[in-house]
Amino acid sequence: MEETKRRRGDRRDGRWLREEDSLHQITPYLMPHRADNEAFIREQIDLTAINAYLAEKNAGESDFKYTLFHIIVAALVKTVTLRPRMNRFIQGRRLYQRNELSAAFVVKKQFTDSAHEALAFIRFTQEDTVDSVHAKIRDEVRVNRKAGSVDNSTSAMDALCKLPRPLLRFIMWLLHGLDFLGKVPYGLIRTDPNYATLFLSNLGSIRLNAGYHHLNNWGTNSIFVTIGEKHPAPFYDAEGRMELREVLDLGLTLDERIADGYYYAKTVKLLKYLLQHPQLLETPAKEEVLYE
């Protein structure tokens, strides 16, 4: 994200939007909890263009194929880059513009009931394309699936859970206070998905449909994305003829306080357009797209 000089009241991870209109300034006082301000949007995505694009991208030899997940993450990165209000958050009853664009998701080390999970956290830039997004996800997944590897957030949680309950309750109370002020030690939250721009759950990989997922009051995450399982759905042409196409559902849970409904509508329209024209993801995230 664009570098700006840090001023009093800014956080390490965000710039305080002091000049925002009074409605956006007073809303966090009227409705202070993120989980009480959720707007849920579900969109069905036609996979015809994406499937053709993936077949082309995966035509050569590769030990880490391009998947739907890579395309969706790349489309979200480009969407948020071009629609920067989506990279805002509210904490401490103030509205902030985030300093970086990041995405987080859970990595299952093995697809078994007893396998452990790791938390992946990736930072992106305005220069990222679908290829660099694919490479970053590949590297992060490989690190987290190494035997014995433990991500930073899991390590911190493991240590906290060994404490006596009264002490743990006090420490969590203290951390919530520091979270309000933006003073939580960076080492504790460096890979915490609740501090990412985008928190994703790829439910399709475990054969579940996309649905509503709540936001969390801890951290700064304002967008939670669920990706459902692929399934056929009917499409009708102008003459009423029907054909089945492969689709998936996306669930988007948003903190409604960071923007207005019109801004959200245009953002979702851009996201769907990018997913219907995946070749546009080969350009840098900052490159404008005509979609109206």
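Reader: Why is Arg 207 called exposed?

Author: Arg 207 has 66% relative accessibility. Exposed means over 50% relative accessible area, buried means under 20%, and partly exposed lies in between (1.4 Å probe, protein chains only). So Arg 207 counts as exposed.

Reader: What kind of model is this, and how are residues numbered?

Author: This is a predicted model, where local features need pLDDT of at least 70, side-chain atom pairs count only at pLDDT 80 or more, and totals for chains, interfaces and linings use all residues. Residues are numbered from 1 along each chain as its sequence is written, and side-chain values use heavy atoms, with hydrogens and water left out.

Reader: What makes Glu 229 and Arg 207 a salt bridge?

Author: Their side chains meet at 3.7 Å, N to O. A salt bridge needs a side-chain nitrogen of Lys or Arg within 4 Å of a carboxyl oxygen of Asp or Glu, so the pair fits. The two sit in distant parts of the chain, 22 residues apart: Glu 229 in the loop between strand 8 (223-227) and strand 9 (231-236), Arg 207 in the loop between strand 7 (198-202) and strand 8.

Reader: And why does Glu 229 count as partly exposed?

Author: Because Glu 229 comes out at 24% relative accessibility.

Reader: How do you know that Glu 127 and Lys 286 pair up too?

Author: Here the N to O distance is 2.6 Å, so this is a salt bridge as well. Glu 127 lies in the loop between strand 6 (117-124) and helix 4 (130-144), while Lys 286 is in the segment after helix 8 (261-276), 159 residues away. Glu 127 is partly exposed because its relative accessible area is 46%, and Lys 286 is partly exposed at 43%.

Reader: What about Arg 241 and Asp 237?

Author: Their closest N and O atoms are 3.0 Å apart, so they form a salt bridge. Arg 241 is exposed because its relative accessible area is 52%, whereas Asp 237, at 32%, is partly exposed. Elsewhere, salt bridges that share partners join Arg 34, Asp 255 and Arg 257 into one network. The structure holds 18 salt bridges.

Reader: Why does the radius of gyration agree with a compact globule?

Author: The radius is taken over C-alpha atoms, and the globule rule is 2.2 Å times the number of residues to the power 0.38. For 292 residues a compact globule would be near 19 Å, and the protein has 20 Å, so the two agree.

Reader: How much of the protein is buried?

Author: Buried residues make up 46% of the 292.

Definitions and conventions
Helix = DSSP H or I, 4+ residues; strand = E, 2+ residues; numbered from the N terminus.
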